[in-house]
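I opened this notebook to record what I looked up about the interior of one protein chain. My two topics are nonpolar cores and enclosed cavities.

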Amino acid sequence: MPDAWHRHAVLLAHSTGTQVITFVLRPTMSYRAIELDVPTAWLGVLGASFAIAPLLLALPAGHAADRYGERRMAVAGALLLTASAVAFTAFGHTVPGLVAAGILLGTGHLGSVIAQQALVANTTEHGRHDTAFGHYTFAASLGQAAGPLMISLLGGDGSIPDTGRIFAWSCGLGVLLLVLSALLPRSAPAARTRAESGDLRSLLRLPGLAHALVTSCVVLSAVDITLAYLPALGTEHGLTASAVGLLLTVRGVASMASRFFLGHLARLVGRRRLLVGSTLAAAVAMVLTPVSMPLWALAALLLVAGFGLGVGQPLTMSWLAESAPAGMRGRAMSLRLVGNRTGQLVIPGAAGLVAAGLGAGGVLLVTALSLGWAGVAARRLPVDP
């Protein structure tokens, strides 16, 4: 039992470390671009340099994790994340250098998370995936919160942080992640016996797969849209920046809480009922968010929305892990990742076009409607894979 807890702790530390490095380097890359007087339009290109890798390489990465093992994939991901930090340090004084380092960052992040998710899927007992993926995504959320905090600690007091110092420290974080990668457990060989013979078509034929992927990508896009448009909504309603920051913190903490207790919640109300109910609750909360109200009431809505949005990702991971054939779970997780990234690229833009002229409230309303649709679609998921 102590050995099992040790392996679990290493995996959670690896998840947190991956997200810390990513959420330190991504905003720092933008700050460096501002230092270089890069036109605003180019900031989108820099963002795309990170996002393009998951779209193009996710399925091959999932196959590699299934075939060669999760620990090798995790080591490769950590090497690429460390290489990205080195590239930012050495070549980040030019736009091509920033783009190249951003591609390395996106590829390293991809390799790391595919390895982590496949490892959780392959080393967890059947029936305990809800708890395992809840804890895994909780650790990832912790890293996403800690990354920006490190920018505050290392960057100094200026409006633009000391990017060179942050890049240098990130190299050290990459080395630490490499050590954690080498300490990760291996899944049993039996979990990978079908990696050679399985093909993607067998995954695509899984009952309920489309509904799981739709729910996952809509929920993740709703999180991104909330982060992007809540500050704009706060400006429209005359809220201070600190009040908006408090609201975003409430949302984030609520998501972390739902993930930490996910296993207990799923056992209490049932996986499918929890997924449908949490998604619909988040949709209702987002419908009401644009309405003018006291700050405490808005915070209560963000608490409900955050709790509901925190459930979608780990529950769909858990469902896929128990549905996918042995030896194909890496590809199952990568397929979900492709759907998520596609949704992150398409849905926010579509919401903005549909809600043109309606302001931030209109975008949140369209997002709420898409969440409601995803919640209804999730009703068609099989109760037990």
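Before counting, I fixed the term: a nonpolar core is a set of buried Ala, Val, Leu, Ile, Met, Phe, Trp, Tyr and Cys residues joined through side-chain atoms within 4.5 Å. I also noted that the model is predicted.

**Entry 1: nonpolar cores.** I looked up the largest nonpolar core and found 44 residues in it. Within this core, the residues with the most contacts are Phe133, Leu209, Leu320 and Met333. I then checked which element supplies the largest share of this core; helix α4 (residues 95–123) does, with seven residues.

I followed Leu209 further. Apart from its neighbours within four places in sequence, Leu209 is in contact with Leu203, Leu204, Trp319, Leu320 and Leu335. Of these partners, I had already listed Leu320 among the residues with the most contacts inside the core.

I recorded a second core, separate from this one, with 26 residues. Its members include Val223, Met286, Leu298 and Ala305.

**Entry 2: cavities.** How many cavities of 30 Å³ or more are there? I counted two. The largest cavity has a volume of about 60 Å³.

I listed its lining as Thr226, Leu230, Arg251, Met286, Thr289, Leu302, Ala305, Leu309 and Leu364. Two of these names, Met286 and Ala305, also appear in my note on the second core.

I next sorted the lining by element. Helices α8 (209–236) and α12 (295–323) each give two or more residues, and α12 provides the largest share, three residues. By class, I noted six nonpolar, two polar and one charged residues in this lining.

Note on methods: Residues are numbered from 1 along each chain as its sequence is written. This is a predicted model: local features need pLDDT of at least 70, side-chain atom pairs count only at pLDDT 80 or more; totals for chains, interfaces and linings use all residues. Side-chain values use heavy atoms; hydrogens and water are left out. Buried means under 20% relative accessible area, exposed over 50%, partly exposed in between (1.4 Å probe, protein chains only). Helices (H or I, at least four residues) and strands (E, at least two) are DSSP runs, numbered from the N terminus. Contact means heavy atoms within 4.5 Å. On a 1 Å grid over the protein atoms alone, a cavity is a set of points where a 1.4 Å probe fits but cannot get out, and a pocket is an open set with protein on both sides within 12 Å along at least five of seven lines; lining residues have an atom within 4 Å of a point. Grid points are joined across faces, edges and corners, and a volume is the space filled by probe spheres set on the points. Ala, Val, Leu, Ile, Met, Phe, Trp, Tyr, Cys and Pro count as nonpolar, Asp, Glu, Lys and Arg as charged, and the others, Gly among them, as polar.
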